[in-house]
Amino acid sequence: MTPLRDPFAEGRRYCLPVTSWPGSAYPLGATYDGTGTNFAVFSEIATLIELCLFDRRGVETRVPIEDVDAFVHHVYLPGVTPGQRYGYRVHGHYAPNRGQRCNPAKLLIDPYAKALDGQLDWGQELFSYPLDGSADGRAGTGSREFATEPDSSDSADSTLKSVVINPFFDWGTDRAPRTPYHRTLIYEAHVRGLTKTHPGVPEELRGTYAGISHPSVIEHLVSLGVTALELMPVHQFVLDHTLAQRNLPNYWGYNTIGFFAPHQAYSASGSGGQQVQEFKGMVRALHEAGIEVILDVVYNHTAEGDHLGPTMCFRGLDNAAYYRLDDKHPDRYVDYTGTGNSLNVRHPSALQLIMDSLRYWVLDMHVDGFRFDLASALARELHDVDRLSAFFDLVQQDPVVSQVKLIAEPWDVGEGGYQVGKFPPQWTEWNGKYRDTVRDFWRGEKAALPEFAARITGSSDLYEHNGRRPVASINFVTAHDGFTLTDLVSYDSKHNEANGEGNRDGERHNRSWNHGVEGPTDDPDILELRARQRRNIIATLLLSQGVPMLLHGDELGRTQHGNNNAYCQDNELSWVDWASADDDLKSFVATTSRLRRAHPTFRRRRFFRGSPVRDVGDPVPDIAWLTSAGIEMALGDWDSGYHRAFAVFFNGEGINERDDRGEPITDVSFLLCFNAHDSDLAFRTPPEEYAKTWEVVLDTGLALQPANPQVTVEAGASVSALSRSLVVLRARH
């Protein structure tokens with residue numbers, strides 16, 4: 001084979017003889033078949049692509065790819081086996097003003113790489129233009145013109161390498177749990193943060209996929225009744241340049257560069273593709289415990305950032321195909337995410353990348369669903385958010401992706417991006433309105449009772465219009481972005497000084513309340529009230545219609561000391577502190593979860609109708625809203641403004657659904673007494689037609705819940721509720 005002359009790498013890399021066959025244009029990526037590896041990569045603008053192989057010493061061998069079909073460049077190399085590191089160099093036009101950014105001096109990651117190895121070394125080598133001021137923005141020149149010649153420094157030693165993986169894995173008898181939404185309890189967690197300090201996990205496994213699959217972690221999840229573990233980003237991500245300059249890490253991982261590759265830093269097995277095997281082992285272990293795995297995925301943008309960002313992958317392969325360029329200034333990107341670029345979901349190859357990635361994680365990695373970060377950005381065909389965009393059409397028609405859990409974060413930072421309640425019927429959504437309403441109610445903020453009523457009964461006002469059910473609402477009060485549960489009741493304001501941005505970052509309007517003292521306190525009254533408020537929020541969340549989601553560590557009393565944006569805090573501030581766990585709170589969460597799990601009354605698949613459900617003429621409806629005096633609320637009560645005390649009756653005989661075998665579902669009835677007043681209150685139970693006798697099964701005024709009901713209340717009698725508490729009564733037969 002004749003060495004290819006390259007002025008950017010002459011005298012440094014060498015092209016050695018390699019046996020190559022034409023190979024196939026499908027599938028994209030590197031595919032090992034037992035005897036060799038097929039490589040295929042898309043680029044519509046490349047005049048030539050070189051496949052670059054690296055040995056253990058880092059010596060590079062280049063193989064020109066001669067065969068191209070439908071803009072897919074492909075080659076087969078016999079004898080290339082798992083563990084082989086590789087990358088691409090793309091020859092073509094470098095003309096940023098026309099949206100073209102080819103530069104063969106920059107080694108590029110395979111967009112379909114199943115594993116990545118190494119780390120970034122932020123310097124000139126990663127950038128296709130000079131950083132000395134001859135390009136726009138870096139030195140404040142204000143010019144829109146980039147240098148006419150690309151930077152010639154080689155990036156091979158400064159960037160990640162793609163890795164050929166072993167696709168074979170013994171899944172044994174692994175089966176997807178396929179837990180229906182109405183029986184689902186989601187637990188949002190960070191791979192590293194969840195296990196980094198766990199005393200039951202061997203130190204060498206902490207912060208890894210293997211750490212999550214450890215029996216001590218799985219036992220904890222099972223004890224809470226968790227049925228789905230939603231992992232914050234595990235697609236390979238990189239450290240942002242701005243964070244690198246501030247010597248801070250990217251902890252959350254919303255900076256993806258590899259949509260097929262599990263993040264290598266979360267692997268206890270090291271590199272060389274072993275992270276894939278370890279990830280699969282984690283999924284298998286969780287499935288054995290009946291726990292699904294949901295991935296938080298970031299398909300709206302990539303780690304290459306804005307027009308001044310590095311050239312690591314997509315930008316150098318085919319900039320205009322993968323990114324949404326500004327029509328008037330093709331050297332700029334459209335940005336709906338606040339991170340510099342938006343993936344071009346209007347281009348078929350970018351759409352194919354997303355869909356192929358999703359199918360890979362389901363079919364090869366056995367995951368059970370996805371939570372789509374800033375999902376509104378994926379729905380933008382032109383400018384406006386379009387719920388009938390090509391992306392959603394493809395998802396609906398796909399026989400694999402359409403059958404797993406699909407959860408949207410229904411907003412982005414662009415105009416008109418807040419789309420709660422507007423996603424297609426097969427999607428569920430993070431219900432931001434639920435979060436805000438529940439926070440406001442328990443902190444005593446004035447709010448309309450109809451709003452709170454709608455949120456705890458499944459948000460029919462948001463989801464019923466397009467045929468969706470209560471399970472379309474993913475109910476949450478806390479998530480990774482914002483205060484933890486403990487901080488929500490301990491701080492009025494954010495305290496993000498550790499992030500190095502002068503406390504300017506993070507949400508300012510948190511709907512939180514410190515209950516009299518900002519942060520830690522020794523005041524026993526404040527501590528008791530904060531503990532009660534945490535129980536109020538947990539009970540409201542777990543007993544609302546819809547799908548509840550807990551944030552990792554909230555059940556243990558985890559605090560971030562007022563930091564509501566710990567995206568760059570990979571330390572004790574953001575890790576779950578198992579040593580300081582609040583065992584009483586953990587027990588309360590488990591107890592309330594069991595109550596939900598045992599009673600379909602709290603897990604309805606259809607919305608309430610507010611109409612009688614028993615024998616003809618029986619006035620008892622499937623749901624009733626009552627005053628603290630035990631009488632049904634009149635129209636004037638709803639319109640009079642904010643109510644701090646009321647009860648809601650859930651009729652267990654009015655579920656009007658059938659089980660898996662077609663039998664009618666019936667349950668006992670419940671009465672939930674909400675007291676958000678700052679004083680104790682007596683609730684009167686409703687008349688006998690609702691129930692003759694009630695028993696208290698949950699009382700947030702108590703730190704420890706009784707193992708068996710201790711208080712029995714007759715119809716028309718009173719039950720006491722402490723200030724700011726929730727008392728749950730069950731009809732006794």
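This is a short walk through a predicted model, one selection at a time.

**Stop 1: strand S2 and its neighbours**

Start by selecting residues 36-42, which make up strand S2. Seven of its seven residues are buried. Colour alternate positions and you can see that both faces are covered: Gly36, Asn38, Ala40 and Phe42 lie on one side, with Thr37, Phe39 and Val41 on the other.

Now add strand S1, residues 29-32, which pairs with S2 in the antiparallel sense over four bridges. To find the register, pick Ala30 in S1 and look across to Phe39, its bridge partner in S2. Three residues sit between the two strands of this hairpin, and Gly34 is the place to click there, since it takes a positive phi near 110°.

Next, bring in strand S6, residues 72-78. S2 and S6 pair in the antiparallel sense too, over seven bridges. Here Asn38 has Tyr76 of S6 as its bridge partner.

**Stop 2: helix H7 and the nonpolar core**

Move on to helix H7, residues 348-363. This helix has 16 residues and reaches 22 Å from its first C-alpha to its last, close to the 22 Å expected at 1.5 Å a residue. How many of its residues are buried? The count is 12 of the 16, so H7 is largely enclosed by the rest of the structure. Among the buried ones are Leu351, Leu353, Ile354, Met355, Leu358, Tyr360 and Trp361; Ser349, Asp356 and Ser357 are buried as well.

Which members of the largest nonpolar core touch the most others? Select Phe370 and Phe372: of the 156 residues in this core, these two hold that position. The largest share of the core, nine residues, comes from H7. In soluble globular proteins, nonpolar side chains tend to be buried together.

Stay on Phe372 and show its surroundings. Leaving aside residues up to four places away in sequence, Phe372 touches Val297, Tyr299, Leu358, Leu378, Phe391, Leu406, Ile407, Ala408, Glu409 and Trp427. You have already met Leu358, one of the buried residues of H7.

**Stop 3: a six-stranded sheet**

Now display the open sheet whose six strands run in the order S22-S23-S24-S29-S26-S27, with antiparallel pairing. Its edge strands are S22 (623-626) and S27 (712-714), each of which pairs on one side only. Turn the view and follow the twist, which averages 25° from one strand to the next.

Zoom in on S24 and S29, which pair over six bridges in the antiparallel sense. A handy marker is Cys673, whose bridge partner in S29 is Val727. Helix H9, residues 432-443, packs on the sheet, where it touches S23 (645-650), S24 and S29. The direction of H9 makes about 60° with that of S24.

H14 packs on the sheet as well, touching S24, S26 and S29, and its direction makes about 140° with that of S26.

**Stop 4: helix H14**

Finish by selecting residues 583-598, the 16 residues of H14. The helix reaches 22 Å from its first C-alpha to its last. At its N-terminal end, show the side chain of Asp582, which acts as a cap: one of its side-chain oxygens lies 3.1 Å from the backbone nitrogen of Asp584.

The buried residues of H14 include Leu585, Phe588, Val589, Leu595 and Arg596. What do the buried residues of H14 pack against? Their partners include helix H3 (215-224), helix H13 (524-543) and strand S21 (547-551), together with S24, S26 and S29 from the sheet you have just visited.

Definitions and conventions. Residues numbered from 1 in each chain as written. Predicted model: local features only at pLDDT ≥ 70, side-chain atom pairs only at ≥ 80, totals over all residues. Heavy atoms only, no water. Expected span 1.5 Å × (residues − 1). Buried < 20%, exposed > 50% of the residue type's maximum accessible area, 1.4 Å probe, protein only. Contact = heavy atoms within 4.5 Å. Polar contact = N/O pair within 3.5 Å; in protein donor to acceptor, adjacent residues only side chain to side chain. Core = buried A, V, L, I, M, F, W, Y, C linked by side-chain atoms within 4.5 Å. Pairing = 2+ DSSP bridges. Axes fitted to C-alpha atoms, helices over the stretch in contact; angles between N-to-C directions.
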